[in-house]
Amino acid sequence: SQFAKRLTHQGEDMSGTNLAPCISPDGEEVAFISDRSLYSDIYVADATTGRIKKRLVKGERTGSFESLRFFSTSLAWSPDGKMIAFPAKIGGGDAIYVVDAKKGKILRKLTFPLDGVLSPTFSHDGARIAFVGLDGGKSDLFVVDVDGQNVKRLTDDRFTDRDPQFTPDGRTVAFTT
């Protein structure tokens, strides 16, 4: 309480988990995954007060959002604050969903011939998404245009690759390994 303000209260909102917080580019909102509805949903709250503004995505209710992969991933706001990207399990694979940050409408569903996808992040111009792809038991980095075209594998090794972030000039991706 001396250096941070609590935004969620498990006893009050009846949540067991509140995970993967992501601050909007203007710093006014925070998107996060919570089980306060007894399902894993994506919420948008005021970043100062924690007041829920909207439930953006209802998870675990349809084949489209079978599981939101919340323990090992992240959410990502587009630089203009108009979109949020997140991975979700669909059938036997995963997809990166891009939703309208105000209405929750699915704008794009990006699928790949991979075992799983994690941790999407937008480039600073909003034109590309970097993400972790799971392929044959390995995690590697990929970049794709926001429309799903031009998928490019950046790494192909035995090392664990995580948490990609574009550098400000957009020419390089920093990551943890």
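Helices (H or I, at least four residues) and strands (E, at least two) are DSSP runs, numbered from the N terminus. The structure described here is a predicted model, in which local features need pLDDT of at least 70 and side-chain atom pairs count only at pLDDT 80 or more, while totals for chains, interfaces and linings use all residues. Residues are numbered from 1 along each chain as its sequence is written, and side-chain values use heavy atoms, with hydrogens and water left out.

Backbone angles make a handy starting point. Most residues other than glycine have a negative phi. M14, however, has a positive phi near 65°. This residue sits in the loop between helix 1 (10-13) and strand 1 (18-23). With a relative accessibility of 62%, M14 counts as exposed (exposed means over 50% relative accessible area, buried under 20% and partly exposed in between, with a 1.4 Å probe and protein chains only). S119 is not a glycine either, and its phi is positive at about 50°. S119 belongs to strand 9 (residues 116-122) and is buried, because its relative accessibility is 7%.

Strand 9 leads on to the strand pairing. Two strands are taken to pair if DSSP finds at least two bridges between them. Strand 9 and strand 10 (residues 128-135) run antiparallel and are joined by five bridges, with V117 standing opposite G133 of strand 10. Five residues lie between the strands of this hairpin, and G126 has a positive phi near 75°. Strand 10 is also antiparallel to strand 11 (residues 138-145), to which eight bridges join it. The hairpin of strand 10 and strand 11 has two residues between the strands, and G136 in its turn takes a positive phi of about 60°.

L141 of strand 11 is worth a closer look. L141 is the bridge partner of V132 and is buried, with a relative accessible area of 1%. Contacts, defined by heavy atoms within 4.5 Å, link L141 to F131, V132, K152, R153, L154, T155, D161, P164, V173 and F175, once neighbours within four places in sequence are set aside. L154 lies 13 residues from L141 in sequence, yet the C-alpha atoms of the two are 5.2 Å apart.

The nonpolar interior comes next. A nonpolar core is a set of buried Ala, Val, Leu, Ile, Met, Phe, Trp, Tyr and Cys residues joined through side-chain atoms within 4.5 Å. The largest such core has 18 residues, of which I42, L56, L75, W77, I84 and F86 touch the most other members. Two or more residues come from each of strand 1, strand 2 (29-34), strand 3 (41-46), strand 4 (52-57), strand 6 (83-90) and strand 7 (93-100). Apart from this core lies another, of 15 residues, including A85, L110, F122 and F142. Leaving out residues up to four places away in sequence, W77 touches C22, I23, S24, P25, E29, A31, V44, M83, I84, A101 and F122.

S78 is found in the loop between strand 5 (76-77) and strand 6. At a relative accessible area of 1%, S78 is buried. On the same basis of sequence separation, beyond four places, S78 touches P25, M83 and F122. The S78 side chain also reaches the backbone nitrogen of K82 at 3.3 Å.

Aromatic rings complete the picture. Rings of Phe, Tyr and Trp (its six-membered ring) pair if their centres lie within 6.5 Å; planes under 30 degrees apart count as stacked, over 60 as edge-to-face and the rest as tilted. Four aromatic pairs are found by this rule. F32 and Y43 are stacked, with 6.0 Å from centre to centre and 25° between the planes. This pair links strand 2, which holds F32, to strand 3, which holds Y43, across 11 residues. Both F32 and Y43 are buried. F86 and Y97 are likewise stacked, because their ring centres are 5.7 Å apart and their planes meet at 20°. F86 lies in strand 6 and Y97 in strand 7, so this pair ties together parts that are 11 residues apart in sequence. F86 and Y97 are both buried. F112, F131 and F142 make up one aromatic cluster.

Y43 has a charged partner too: the charged end of R36 sits over the Y43 ring, 5.3 Å from its centre. For this call, NZ of Lys or CZ of Arg must be within 6 Å of the ring centre and within 35 degrees of the ring normal.

Terms used. Polar contact = N/O pair within 3.5 Å; in protein donor to acceptor, adjacent residues only side chain to side chain.
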